[in-house]
Structures are given as C-alpha cells and as structure tokens.
Amino acid sequence: MRQLPSRLRRLDGALADLPLEEPMLLTELDGFLTGILVSPAPIAPAEWMQNVWGSDDSGVAPFEDPFDVQWFADAVTARHAEIARDLGRSKLQPIFDIDERNGDVLWELWIEGFAEAIDLRPERWAGLADGADPDAADAAARMATLVAIARNESTLDSMEINAMQDRAPLEIGDIIQRLYAARLRATPELAVAALAGEVPAKIGRNDPCRCGSGKKFKRCCAAA
C-alpha cells in the first residue's frame, strides 16, 4: 500500500476496530466505493453505508458515541468524493495492499470490495455485460474475470490465471475508467454529483441519520 495520509490511516484503524467478525479493510472499502460510483444503477448512501459498517437489520450503526457515527460517515464519504474526483480526471489511484515479503500487489482484496458493490445490483451488472454498449460489455466481462479469480471461482487454467494476476493491477484502472465512461454515456444525470466530487456537509440534528434508519439524526444515533 502506498504511503497514506493520516485521515486514511485513521479510517483504516476505525474499520479494523468495528465489532464485526470480518470487518472491511481499507483496500476493500476503496474497491467497494469505486464499484458504487461506476455501478450501472444508482445506490443510495443509506443502503451502501450499511455494507461498510456491517449494520444488522435494525439499521443502527455499531458505535456507542453518536459523534463517532458522524466522523465515520464523513470519513467514508470524503474518500467516496475523492475517488469520484479522480474518476472525473481519469486519474484513479486504487488503494492496493502490498505483500511486504515480495512486493506483490494484493489486488484481489480490492476486487473483493468491488464485487460487494456488484452484489448490490447483480441484475444491472448482468444487463451491462449483455447490453448494446460493446465497450461497457467488454469492461464488465473483464471485471467479472478478475472477480472470479479473486474468489477462486475462475474456470481459466493456471497459466491463464497467472497471466491475469500479473497484469491485473495495471488493467484495473483502465477497466474502471471504461465502466465509468459507460455510466456517463448511459445516464449522465447520475454523474453530476460524482463529477463535482463534493464532500457532504456535516450532518445536522434534523438531517436524515446516516445510519440509514430513515429517522432524523437527533431521534436516532444522536439519541443513543
């Protein structure tokens, strides 16, 4: 992993401290947020945020202090906005972990996060792969190949898999930019906020709670 700014290192620590059996790592979060941004169908923050912090069916965020909810949500949405800006400038910089023993790029963890975003709208991703936009279909097919390899579900032989693994870190950026371009071509109105790359303002007491419950912040996590 490249040297990260302190805000991302703090977010990495917060993710690791979530009271979950398998919390999402920072590189997985990065892949997940990228998948949300290039998804062929819009996904509201109230829905995808619960995937990040592993909320149960109650929709309540796993924090004792309500202000931790706000800090965590702000940190995640700030990274979301940063990825959006990079996509708009064609300068995506995925956060990959690096194997300290040999310097290998552990891109599979990033792809695992991206696959979680695909799993939120599988029918729309399947439609993209079979759709009329040939460039989008090719990019979706290449991404599906990487997901299958990362999940040990690929039907390719070992030599083909090894070849894909070697070039995957370089190919991922190209695939993502093509998927993002396809989204803009299909539904340009959905990309306005992403292209602006604005970080949402801090949540007010009368704003909808970011835990996704649908209640006002003051009557939800702020009342905890």
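Start by selecting helix H8, residues 158-186, in this predicted model: the helix has 29 residues, yet its end C-alpha atoms are only 36 Å apart, which falls short of the 42 Å that a straight helix would reach at 1.5 Å a residue. To find where the line of the helix is broken, move to Ala168, where H8 bends by about 65°, and then look for Pro169, a proline that follows within four residues. At the N-terminal end of H8, show the side chain of Asp157, which caps the helix with a side-chain oxygen that lies 3.1 Å from the backbone nitrogen of Met159.

While H8 is still on the screen, select Glu171, which has its place in this helix. Is Glu171 buried or exposed? With a relative accessibility of 19%, Glu171 counts as buried, because the cut-off for that word is under 20%. If you also select Met143, you will find that the two residues are 28 apart in sequence, while their C-alpha atoms are 9.5 Å apart in space.

**The whole chain**

Now zoom out and colour by secondary structure, which comes to nine helices and two strands. Followed from the N terminus on, the elements run α-α-α-α-β-β-α-α-α-α-α. Of the 224 residues of the chain, 45% count as buried, and among the contacts between residues at least 6 apart in sequence, 67% join residues at least 24 apart. On a surface view, the chain exposes about 11600 Å², of which carbon and sulfur atoms supply 51%.

**Helix H2 and Asp30**

Next select helix H2, residues 26-38, and compare its length with what its residue count suggests. The 13 residues of H2 should span 18 Å at 1.5 Å a residue, and the end C-alpha atoms are 19 Å apart, which agrees. Because 13 of its 13 residues are buried, H2 is largely enclosed by the rest of the structure.

Within H2, pick Asp30, which is buried with a relative accessible area of 1%. What lies 2.9 Å from a polar atom of the side chain of Asp30? It is the backbone nitrogen of Ile95. If residues up to four places away in sequence are not counted, Asp30 touches Arg79, Ile83, Gln93, Pro94, Ile95 and Trp110, and the last of these names leads on to the aromatic rings.

**A cluster of rings**

How many aromatic pairs does a search of the whole structure find? The search finds four. For one of them, show Phe96 and Trp110, whose ring centres are 5.9 Å apart and whose planes stand at 70°, so the pair is edge-to-face. This pair links distant parts of the chain, since Phe96 is in the loop between helix H4 (66-88) and strand E1 (97-98), whereas Trp110 is in helix H5 (residues 107-118), 14 residues apart. Both Phe96 and Trp110 are buried.

Then add Phe114 and Trp125, where the ring centres are 5.7 Å apart and the planes again at 70°, so that this pair too is edge-to-face. Here Phe114 belongs to helix H5 and Trp125 to helix H6 (residues 122-129), eleven residues apart, and the pair likewise links distant parts of the chain. Phe114 counts as buried at 0% relative accessibility, and Trp125 counts as buried at 6%. With all these side chains shown, you can see that ring pairs link Phe96, Trp110, Phe114 and Trp125 into a cluster.

**Ile111**

Stay on helix H5 and select Ile111, which lies in it and counts as buried at 0% relative accessibility. Ile111 and Gly31 are 80 residues apart in sequence, but their C-alpha atoms are 6.0 Å apart in space. Leaving aside residues up to four places away in sequence, Ile111 touches Met143, Leu146, Val147, Ala150 and Ile172.

**Two loop residues**

The last stops concern backbone angles. Most residues other than glycine have a negative phi. Ser90, in the loop between H4 and E1, has a positive phi of about 55° although it is not a glycine, and at 54% relative accessibility Ser90 counts as exposed. Finally, go to Asn152, in the loop between helix H7 (134-150) and H8, where phi is near 55°, again a positive value in a residue other than glycine; Asn152 is exposed, with a relative accessible area of 73%.

Note on methods:
Residues numbered from 1 in each chain as written. Heavy atoms only, no water. Expected span 1.5 Å × (residues − 1). Bend = angle between axes of the 7 residues up to and from the residue. Polar contact = N/O pair within 3.5 Å; in protein donor to acceptor, adjacent residues only side chain to side chain. Buried < 20%, exposed > 50% of the residue type's maximum accessible area, 1.4 Å probe, protein only. Contact = heavy atoms within 4.5 Å. Phe/Tyr/Trp six-rings, centres within 6.5 Å; stacked < 30°, edge-to-face > 60°. Areas by Shrake-Rupley, 256 points an atom, 1.4 Å probe, with all protein chains shown as cover.
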